[in-house]
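Please take a moment to look over the structure shown below before reading on. The paragraphs that follow lead through it step by step, beginning with a term that will be needed.

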Amino acid sequence: MAQDKAISIEDAVGLIKDGDNVAFGGVLMNFKPIALMWEIIKQEKKDLTVTILTGNFGLDAMIGMGCVKALNTIYVGFENLGFAPNFQQRVQEGSLYMNEFTEMQWFWAMRASEMGLPFLPCRSGLGSELVEVNPYLSEFDFNGEKLIAVKAIEPDVTIIHSMVGDHSGTIQLERAKTYMEDTVARSVRKGGKVIVSVEKLVETDYIYKNPGNTILNSFEVDAVVEIPYGSHPGSVAPLYFNDMASQMNLSDVLKKEARLQRFFEKKIFAIKDRTEYLEKFNLKLGPWWEERK
Amino acid sequence: MVGGAQIGGLKMAEEYSISEIMVTSLADGIKSGDVIFQGAATPMPMVAIELARATHAKDTVYFSALGVSPRDPLNFEALLTDGLTEVLKKAKLTNYLFGREMWDEVNKGKLTLEFLRPAQIDKYWNCNNCVLYGEDRNFQKPKFRFPGGMAVSDAINLMERVILYTPAHRPRTFVDKVDFLMVKGYPLSKWRKENKLGNGPIKMVTNLCIFEPDPETSLMKIASIHPGVSLNEVLENTGFKPLIPKNIPETPKPTNKQLQLLRETIDPIGFRDLEFPELRMKVMARAAEKGINF
């Protein structure tokens, strides 16, 4: 029998060391591995470099709770709900280092790593001062043509959230596809760890029914954690959608350090397991979760 | 719609609002056949795209951050309110989460137009959505940190055309020189052709006027001023001296047909006003009456 990669959320996050570069999948509030982010905060991880396309509530909470030292990103904010207060404050006071990319450059940095190449070239960023402030970027000449070289970001740990996974680490999506979660997972450095939280842990017989749904093969994944509503209060569309009431509450909580501490102690750390979390936030496991075995 | 009310320095005419003349000016920039990429949380362009699709540019693909809609209205109500992914419940999409591969198509020029709102722009159309500097000009310890450039630089560099807009024409947005050169403007320039880049920003629509680039120098030039606005008002609210043509045209007013479409079919709730902070509460109240909550 293949190695059982299904482990607890505590053990999965235990794979992360202080000071690691950790990459997260998800775009805006869709497919963000929020439950794993909360566990990172609970385990008091320190000095992380976070690589994330767009950072929202999860990232701002990690920053506010003291887990993050540096960022590789294109945006940190709450869209219509405003600025991310902890991100903004810490960058302005000089205690959070910001490597800013354009969206294409960020994808190129991750794709280069995914492809096992040192860099990828692009035209995006020609003439920009981003080249001067982001060490991953440099201008070069190719047969007389000016291009930007985007150096591969090689995370120590990559973390994504998906719908279905089996004990061997095969990961699937249903009625959806990845924005770039497979790229993020595969961008991990040689010897690094790939952690995937899934809505439902299934037997491999279930995977056999739709092998075309697979986004990551078992040999590409180190740990699978079953976490229903693992992106809550964000979405895993079309399975579930944003919990706007919880998001608005979070956007408020994040503004005051004392409130943020209290929120995590009372509302998150005090919860003993996922069943209690689902009850507290009134989240129902409908037929989708029941039918998959 | 509110006769005589004063918003952003402009007295509104009796028969249309500032957001309406901005929306029709944005829609004028759309050509049939355009493949438009439009990011989230930009209500005026979203409304303008649907207006163009209902009038002069029916054959236009609307490509949002999360989905592609070649034909049916994308339902910006869903995009703006319950969270981006709600669009899946309400809109007819032919693709979903088309992220990474999109950039390959941008490189090859398959996406033709995007509307963007810069935080800071200068006379050469250089834009900055990153930081405002203190005296030490330290990117890692700025005076003010914006959320980030997202894909603004990619679009301004690579897309065939970019149309900029801002509902708040003021000196701190229109500056002589940007604090941080996030993306170089220089529309239509030799520099762009030599580096195989797109045309860059070809228009800027504000609450007071429309700017276009001078084809020789790329400098920002007044293309038209909205009815009821004086040249002096434009100059007082611009942090540099733009090029001024001898005869300054007046921006065309929205037509009755456009106004009817906007108010009755495309945007009855008035999401186009969301970008004016002073009107935000009113829009939210109108939305709440229809059971749409933010």
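When two helices are compared by the angle between their axes, an angle under 35 degrees counts as roughly parallel, one over 145 as roughly antiparallel, one from 65 to 115 as roughly perpendicular, and the rest count as oblique. With this in mind, and remembering that the model is a predicted one, we can turn to a pair of helices in chain A, namely α3, which covers residues 57-64, and α4, which covers residues 85-92. Their axes come within 7 Å of each other and cross at roughly 50°, and α3(A) and α4(A) are therefore oblique to each other. The crossing of α3(A) and α4(A) is, in addition, left-handed. On the side of α3(A), the contact is made by D60(A), I63(A) and G64(A), while α4(A) contributes P85(A), N86(A), F87(A) and R90(A). Sorted by class, the residues in this contact of α3(A) with α4(A) are three nonpolar, two polar and two charged.

Helix α3(A) also has a second partner to consider, helix α2 of chain A, which spans residues 34-42. The axes of α2(A) and α3(A) come within 10 Å and cross at roughly 5°, an angle under the limit of 35 degrees, and these two helices are therefore roughly parallel to each other. Here I34(A), M37(A), I40(A) and I41(A) of α2(A) meet G58(A), A61(A) and M62(A) of α3(A), and the residues of this contact divide into six nonpolar, one polar and no charged.

Stepping back to the whole of chain A, we find 12 helices and 14 strands. The radius of gyration of chain A is 19 Å, close to the 19 Å that the globule rule gives for 293 residues, so the chain is as compact as a globular protein of that length. Taken along the principal axes, the C-alpha atoms of chain A fill a box of roughly 60 × 45 × 30 Å, and 54% of its 293 residues count as buried. Among the contacts in chain A between residues at least 6 apart in sequence, 73% join residues that are at least 24 apart. One local detail of chain A is the peptide bond from H232(A) to P233(A), which is cis, with omega near 10°; P233(A) lies in the loop between β14 (223-226) and α9 (244-253) of chain A.

Chain B, for its part, has 10 helices and 15 strands, and buried residues make up 53% of its 294 residues. Where the two chains meet, 38 residues of chain B are in contact with 45 residues of chain A. On the side of chain B that touches chain A, β11 (144-145) and α6 (152-158) each supply at least two residues, and α6(B) gives the most, with four residues. That side of chain B divides into 21 nonpolar, nine polar and eight charged residues.

The loop between β11 and α6 of chain B holds M150(B), which has a positive phi of about 45° although it is not a glycine. Is M150(B) buried or exposed? A residue counts as buried if 20 or more other C-beta atoms lie within 10 Å of its own, and M150(B), with 22 C-beta neighbours inside 10 Å, therefore counts as buried. S218(B), too, is not a glycine but has a positive phi, of about 70°, and its place is in the loop between β14 (209-213) and β15 (220-225) of chain B. Because S218(B) has 22 C-beta neighbours inside 10 Å, S218(B) counts as buried.

How values were computed
Residues are numbered from 1 along each chain as its sequence is written. Chains are lettered from A and ligands numbered from 1 in the order in which they are written. This is a predicted model: local features need pLDDT of at least 70, side-chain atom pairs count only at pLDDT 80 or more; totals for chains, interfaces and linings use all residues. Axes are lines fitted to C-alpha atoms, for helices over the stretch in contact, and angles run from 0 to 180 degrees between N-to-C directions. A crossing is left-handed if the near helix is turned anticlockwise from the far one by less than a right angle, and right-handed if clockwise. Two residues are in contact if their C-beta atoms, placed from the backbone, lie within 7 Å. Ala, Val, Leu, Ile, Met, Phe, Trp, Tyr, Cys and Pro count as nonpolar, Asp, Glu, Lys and Arg as charged, and the others, Gly among them, as polar. The radius of gyration is taken over C-alpha atoms; the globule rule is 2.2 Å times the number of residues to the power 0.38. A residue is buried if 20 or more other C-beta atoms lie within 10 Å of its own, exposed if 12 or fewer, and partly exposed in between; C-beta atoms are placed from the backbone.
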